[in-house]
Amino acid sequence: MQARESGRRGLSHYLLAGFFGLFVAFLYGPMSAIFVLSFQGPTGGLTFPMRGVSLRWFHALFSQERTGDFAGSFTRSLLLAALVLSLTVVISVLAGLAFRRRFPGSSFLFYLAVASLIMPGILVGLGIGVTFQFLDIPTAWYSSGLGAQLTWTLPFGLLIMFAVLSRFNRAYEEAGRDLGATNWQVFWLIVVPILAPGIIGVALFGFTLSYDEFARSLLTAGAQNTLPMEIWGMTTNVTSPALFALGTVTTLVSFAAIILSLGSIALIERRRTRRGSVAAGTSPAPGH
Amino acid sequence: MHPRRPIIKVSPNFAAFLQASPLLVVLLAFFGIPLLMIIGVSFFDYDGTNMVPAFQWGNYVDLFESRVTLSLYLKTVEMALSVWAITLVVGFTVSYFLAFHVRSILWQMGLFLVCTVPFWTSNIIRMISWIPFLGRNGIFNQALMGLGVTREPLEFLLFSDFAVIVAYVHLFTLFMIVPIFNSMARIDRAVIEAARDGGSGGWRILWEIIVPLSKTGIALGSIFVIAMVMGDFYVVNTMSGGHSSSVALAMYNQIAAVQYPQAAASAVVLLGIVTLMVAAILRLVDVRRELAGH
């Protein structure tokens, strides 16, 4: 006997819901534990029980008392993430639009992007490291490190653009052209506003994937560490809750990025539905 | 006012090529060429401190003659397959619940978001968050002892293969959920209704309709998980506490010792194995249509 789609819910529904609940606990449980432990009292250790509550470990982070160059690596990671975000948005939006046609080499480029996406990060780092050594250029976070991260964020951006563009109705572009708009006008006044939520999504991926990237940065960031490298270094030699404080701080930055992007996407969508605007652009293309 | 005419007229296809060219340039410069460099360097010689340009198969011969290396490859593949099986079952079940048991679209999107948010946070932080959980005096052991399940803390929880698998499942199940949920969300509900009206039971619908129609999602998720486990070095290093290794970790140690030619040969073989596994999946399922939408 199985439950009907409409009406009562069978046992399987509750089993699945329970499984889902356990999965969410598995996903967030450990993270919330380190969040709590980062407020550990001054005499507390790496695990429970909490010996009081303090901000001591956050203070330790910024005073470089126990840790390495937290402030420097944090700044570098933010700058790098901003660079990766901008380049990822521009390059993948352009490429996404291009892929609506079968241009010369489109198949090759598609497979190149997919291969780049699944290439293990440490191998990307090795390849770039060796290439830079061969060319006798020193590696640095803003050159080789930047390039290494783009091999991962660009294919992601491209895939998101595919998903966004598959729901984009070209009739809006054609209508603009028929009314005499130039290519630039069509792009800035029609395409970009319609695709805005998707573009914000690409930006979110670009920022967070770069900000948290470790495997690709390890061999390409040069002499100055990015934040994830700093954290990895700390896992081996820092045995105080300062490690968790660092975890809490970087997770808050990620959360801020997520809330900012998802919030603005939600805002755009709400304004569109309120105005009942035809330019929602998400109606399926005719004959699709 | 007349619309400005472009100064140089190009065909639409060539214009599209120009639009895609920044992507092509970046991927060639930082992925294509470095990949060729790895292959080239894997044939180089090594004089004990530096790499010496040459063409010789020594690095590969050393690799295949070493028992230790071969068992390391086996262990890595075995690990990838175990993690793949677990993430597939968990990811499929979670996606199935979201797609077919959560009826309100708002709830569906909300719960899907709950599953994907950790993807945008640091892998390293998520990995080390298991340390206070699984440690000898960790939360899990304290709970077990509190409940009277064990008297002594369990030692195998942290710094073991168990901890490595837990961390992998924690980090990579998202890569299964997103594509599988995507495939499932596109399944026409009328097909399932029709099967039910025709008298098919829940399991039959699952096996004969939902699984086949989700196979592109399953394939994509599998490719991601397998490639990431095969290429991992830091999870295995941290969570096994140095007791266990992987091909990529051994390679990383060679790089740290500046033995680039050996590391490159190891990288080429690793890449060969990953490519074979991915090709096997692609032979079963055509994912291009799913990705490119045409």
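**Two chains and a shared core**

Trainee: How many helices and strands are there in chain B?

Mentor: Helices (H or I, at least four residues) and strands (E, at least two) are DSSP runs numbered from the N terminus. On that basis, chain B has 15 helices and two strands. This is a predicted model, where local features need pLDDT of at least 70 and side-chain atom pairs count only at pLDDT 80 or more, while totals for chains, interfaces and linings use all residues. Residues are numbered from 1 along each chain as its sequence is written, and chains are lettered from A and ligands numbered from 1 in the order in which they are written.

Trainee: Is chain B more spread out than a compact globule or not, and what is its radius of gyration?

Mentor: The radius is taken over C-alpha atoms, and the globule rule is 2.2 Å times the number of residues to the power 0.38. For 294 residues that rule gives 19 Å, and chain B is well over it, so the chain is more spread out than a compact globule. Its radius of gyration is 24 Å.

Trainee: What percentage of the residues in chain B is buried?

Mentor: A residue is buried if 20 or more other C-beta atoms lie within 10 Å of its own, exposed if 12 or fewer, and partly exposed in between, with C-beta atoms placed from the backbone. Of the 294 residues in chain B, the buried share is 41%.

Trainee: Which helix gives the largest share of the side of chain A that touches chain B?

Mentor: Two residues are in contact if their C-beta atoms, placed from the backbone, lie within 7 Å. By that test, 75 residues of chain A meet 71 residues of chain B. Several helices of chain A each supply at least two residues of this side, including H3 (70–98) and H11 (242–275). The largest share, 15 residues, comes from H1(A).

Trainee: How many residues are in the largest nonpolar core?

Mentor: A nonpolar core is a set of buried Ala, Val, Leu, Ile, Met, Phe, Trp, Tyr and Cys residues joined through C-beta atoms within 7 Å. B:Ile38, B:Ala167, B:Val225 and B:Ala267 have the most contacts inside the largest one, which has 162 residues.

Trainee: Why does this core lie between two domains of chain A?

Mentor: Domain bounds come from an automatic or database domain assignment. The core lies between them because residues come from both domain 1 (11–54) and domain 2 (70–280).

Trainee: Which residues does B:Ala267 touch?

Mentor: Residues up to four places away in sequence are not counted here. That leaves A:Leu123, A:Leu126, B:Ile38 and B:Met251.
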